[in-house]
Amino acid sequence: TPEWTNVTVIGLDDYSQSSGFDALLISFLDAQLQQTLGRQDVSANDTCLILACHGIPRSLADKGDPGEAFMRRNYAALKSYFSAKGFSVFLAFQNHGGKGTPFPQSLFPWSSPPDTDVVPKVAASPCAHVLISGIISFVLDNSETLFDEAIDDRRMLKGKPATVTPSFNDDLSFAEFLGGVIQLALEGKGAVRILKEGRPILGWHETRGMASSFGGAPNRFA
C-alpha cells in the first residue's frame, strides 16, 4: 500500500443542495412519469404522485441533523413543478419508528407525515392512478423501494392501480452530475470540509486526496 505525505483529504457532506440537483430530479422523474402515463393512458390530472423519503428519528433532527430539512427542500421543488402539471403531490416518510410502527419503535417520534398516514389518504382520494417515487432519498433501488414502496405501499392502497418508478441506479445523467460535484469539491467548493491536512495518508481510496461521504444528505440512502 503506498504511503502519501502532505496530502489534504476533504469530505463531501452533501450533494442534494448543490446547484442543478433539483433540476436533475425533475428531469429524470418527468421522463419516467411521461413514459408510465403514456403506456397506461392515464392523465396527470387523474394521478396522485407520492414522493417517498426515508425518515429519521425526531431526536436527530432536534440535535441539528439537516437531512430531513434537505429532503423537504427537494420535495418543495418537485411539488411546485409537478403540481403545476396537474399531479396531486404528496410527501410520505418511510419510517422505522414513530406512528404506524410496532411497539417499542412507536415510542420514538420520527419524521412526519409517515407513509402509514399518507398512503391510506391517497387510497381514499379520487385519483384513478398512483405513482410512487423514492428518488429524493434513494439513488439505488433497494429494500426500501422494492419492498416498502412496491409491495407495502401497494398493500395500503387497497387495489388502487400504482406504479413505482425506478431510482437513478446507473443513469448517466446522475453520474455526470456527481462528476461535476466532485470536480467542484476538489476546487474547495460545495459542502466540503478538511478531514486531514498534511498528514501521512494510507489506503488506495485516499490516493486522489479525497475521501467523501457520498449519499447526498446525511440520511440519503443508496
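Me: Helices (H or I, at least four residues) and strands (E, at least two) are DSSP runs, numbered from the N terminus. With that settled, which residue follows H1, and is its phi positive or negative?

Reply: H1 is followed by Asp41, and the phi of Asp41 is positive, near 55 degrees. Before we go on: this is a predicted model, where local features need pLDDT of at least 70 and side-chain atom pairs count only at pLDDT 80 or more, while totals for chains, interfaces and linings use all residues. Residues are numbered from 1 along each chain as its sequence is written, and side-chain values use heavy atoms, with hydrogens and water left out.

Me: How do you know that the span of H1 agrees with 1.5 Å a residue?

Reply: The expected span is 1.5 Å times one less than the number of residues in the helix. H1 has 20 residues, so it should span 28 Å, and its end C-alpha atoms are 29 Å apart, which agrees.

Me: Okay, Gln32 now. Why is Gln32 called buried?

Reply: Buried means under 20% relative accessible area, exposed means over 50%, and partly exposed is in between (1.4 Å probe, protein chains only). Gln32 has 16%, so it counts as buried. You'll find Gln32 in helix H1, residues 21-40.

Me: What does Gln32 touch?

Reply: Thr165 and Pro166, if you skip residues up to four places away in sequence. A contact here is heavy atoms within 4.5 Å. Gln32 has buried company in H1, including Phe21, Leu24 and Leu37. The buried residues of H1 pack against several elements, among them strand E2 (47-54) and helix H3 (67-84).

Me: What makes Cys48 and Cys127 a disulfide?

Reply: The rule is a pair of cysteine sulfur atoms within 2.5 Å. Theirs are 2.2 Å apart, S to S, so the pair fits that rule. Cys48 lies in strand E2 and Cys127 in the loop between helix H4 (115-124) and E4, so the disulfide ties together parts 79 residues apart in sequence. Both cysteines are buried. The link is left-handed, with -110 degrees about the S-S bond.

Me: How many disulfides does a search of the whole structure find?

Reply: One. As for Cys53, its relative accessible area is 0%, so it's buried.

Me: What makes Arg193 and Asp13 a salt bridge?

Reply: You need a side-chain nitrogen of Lys or Arg within 4 Å of a carboxyl oxygen of Asp or Glu. Arg193 and Asp13 come to 2.7 Å, N to O, so the pair qualifies. Arg193 sits in strand E6 (residues 191-202) and Asp13 in strand E1 (residues 3-14), so the bridge joins parts 180 residues apart in sequence. Arg193 is partly exposed at 44%, and so is Asp13 at 28%.

Me: How many salt bridges does a search of the whole structure find?

Reply: Seven. In one of them, Asp30 meets Lys85, the closest N and O atoms being 3.0 Å apart. That pair links distant parts of the chain: Asp30 in helix H1 and Lys85 in the loop between H3 and strand E3 (88-94), 55 residues apart.

Me: Why does Asp30 count as buried?

Reply: Because its relative accessibility is 10%, which is under the cut-off. Lys85, at 36%, is partly exposed.

Me: Which residue joins Arg58 and Glu68 in a network of salt bridges?

Reply: Arg72. The closest N and O atoms of Arg58 and Glu68 are 3.3 Å apart. Arg58 is in helix H2 (residues 58-62) and Glu68 in helix H3, so this pair ties together parts ten residues apart in sequence. Glu68 has 6% relative accessibility, so it's buried, while Arg58, with 27%, is partly exposed.
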